[in-house]
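Trainee: Please choose one part of this model and take me through it closely, residue by residue where that helps. I would like a connected account, with the reasoning behind each burial label made explicit.

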Amino acid sequence: MIDSVTIIGRVATDPTQGQTTGGASVTNFRLASTHRRFDTVTQAWVDSETNWFSVAAFRQLGEHSKASLRTGDS
């Protein structure tokens with residue numbers, strides 16, 4: 001079974017690249033995601049708390065992440 005999770009947010013830190021002890025490349029960065037909802041009482045959009053995620057992308061995905069992502073990107 002493969003589980004899939006989709007998180008929509010913004011890159012909070014520039015990706016950094018390293019290697020695992022086994023030699024595989026890994027790219028790490030933080031992702032911030034804030035849920036918005038419409039408040040029917042005030043008739044305005046309001047932000048809830050921000051969730052912070054630590055992301056680790058391995059091998060080719062990590063290399064593409066390092067080359068493509070910057071702080072503030074969606």
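Mentor: A residue is called buried when its relative accessible area is under 20%, exposed when that value is over 50%, and partly exposed in between. The model is a predicted one, and the part I would like to examine is the hairpin formed by β3 and β4, with a brief look at the helix α1 before and after it. Ser 65 has a relative accessible area of 11% and is therefore buried; this serine belongs to helix α1, which covers residues 59-68. Leaving aside residues up to four places away in sequence, Ser 65 is in contact with Pro 15, Thr 27, Phe 29 and Ala 57.

Let us turn to the hairpin itself. Strand β3 spans residues 25-39 and strand β4 spans 44-58, and the two pair in the antiparallel sense over 13 bridges. Four residues lie between the strands, and one of the residues in the turn, Gln 43, has a positive phi of about 55°. Most residues other than glycine have a negative phi, and Gln 43 is a residue other than glycine with a positive value. With a relative accessible area of 53%, Gln 43 passes the 50% cut-off and so counts as exposed.

Within the paired region, a useful residue to follow is Phe 53, which lies in strand β4. Its bridge partner is Leu 31, and Leu 31 also appears among its contacts, together with Ile 7, Phe 29, Arg 30 and Ser 33, when residues up to four places away in sequence are not counted. Phe 29 is thus touched by Phe 53 and likewise by Ser 65 in the helix. The relative accessibility of Phe 53 is 29%, which lies between the two cut-offs, so this residue is partly exposed. As for its distance from Ser 25, the two C-alpha atoms are 20 Å apart, with 28 residues of separation in sequence.

Two side-chain pairs deserve attention next, beginning with the charged one. Side chains of opposite charge can pair when their charged atoms come close. The count of salt bridges comes to one, and it joins Asp 47 to Arg 36 with an N to O distance of 2.7 Å. This pair links distant parts of the chain, with Asp 47 in strand β4 and Arg 36 in strand β3, eleven residues apart. Arg 36 has a relative accessibility of 47%, below the 50% cut-off, and therefore counts as partly exposed.

The other pair is aromatic, and a pair of this kind is described by the distance of the ring centres and the angle of the planes. A search of the whole structure finds one such pair: Phe 38 and Trp 45 lie edge-to-face, 5.4 Å centre to centre, with 70° between the planes. The two members carry separate labels, since Phe 38 is partly exposed at 37%, whereas Trp 45 is exposed at 53%.

Finally, let us return to the helix. Arg 59 is found in α1 and, although it is not a glycine, has a positive phi of about 55°. At 54% relative accessibility it lies above the 50% cut-off, so Arg 59 counts as exposed, while Ser 65 of α1 is buried at 11%.

Note on methods. Residues are numbered from 1 along each chain as its sequence is written. This is a predicted model: local features need pLDDT of at least 70, side-chain atom pairs count only at pLDDT 80 or more; totals for chains, interfaces and linings use all residues. Side-chain values use heavy atoms; hydrogens and water are left out. Buried means under 20% relative accessible area, exposed over 50%, partly exposed in between (1.4 Å probe, protein chains only). Contact means heavy atoms within 4.5 Å. Rings of Phe, Tyr and Trp (its six-membered ring) pair if their centres lie within 6.5 Å; planes under 30 degrees apart count as stacked, over 60 as edge-to-face and the rest as tilted. Two strands pair if DSSP finds at least two bridges between them. A salt bridge is a side-chain nitrogen of Lys or Arg within 4 Å of a carboxyl oxygen of Asp or Glu.
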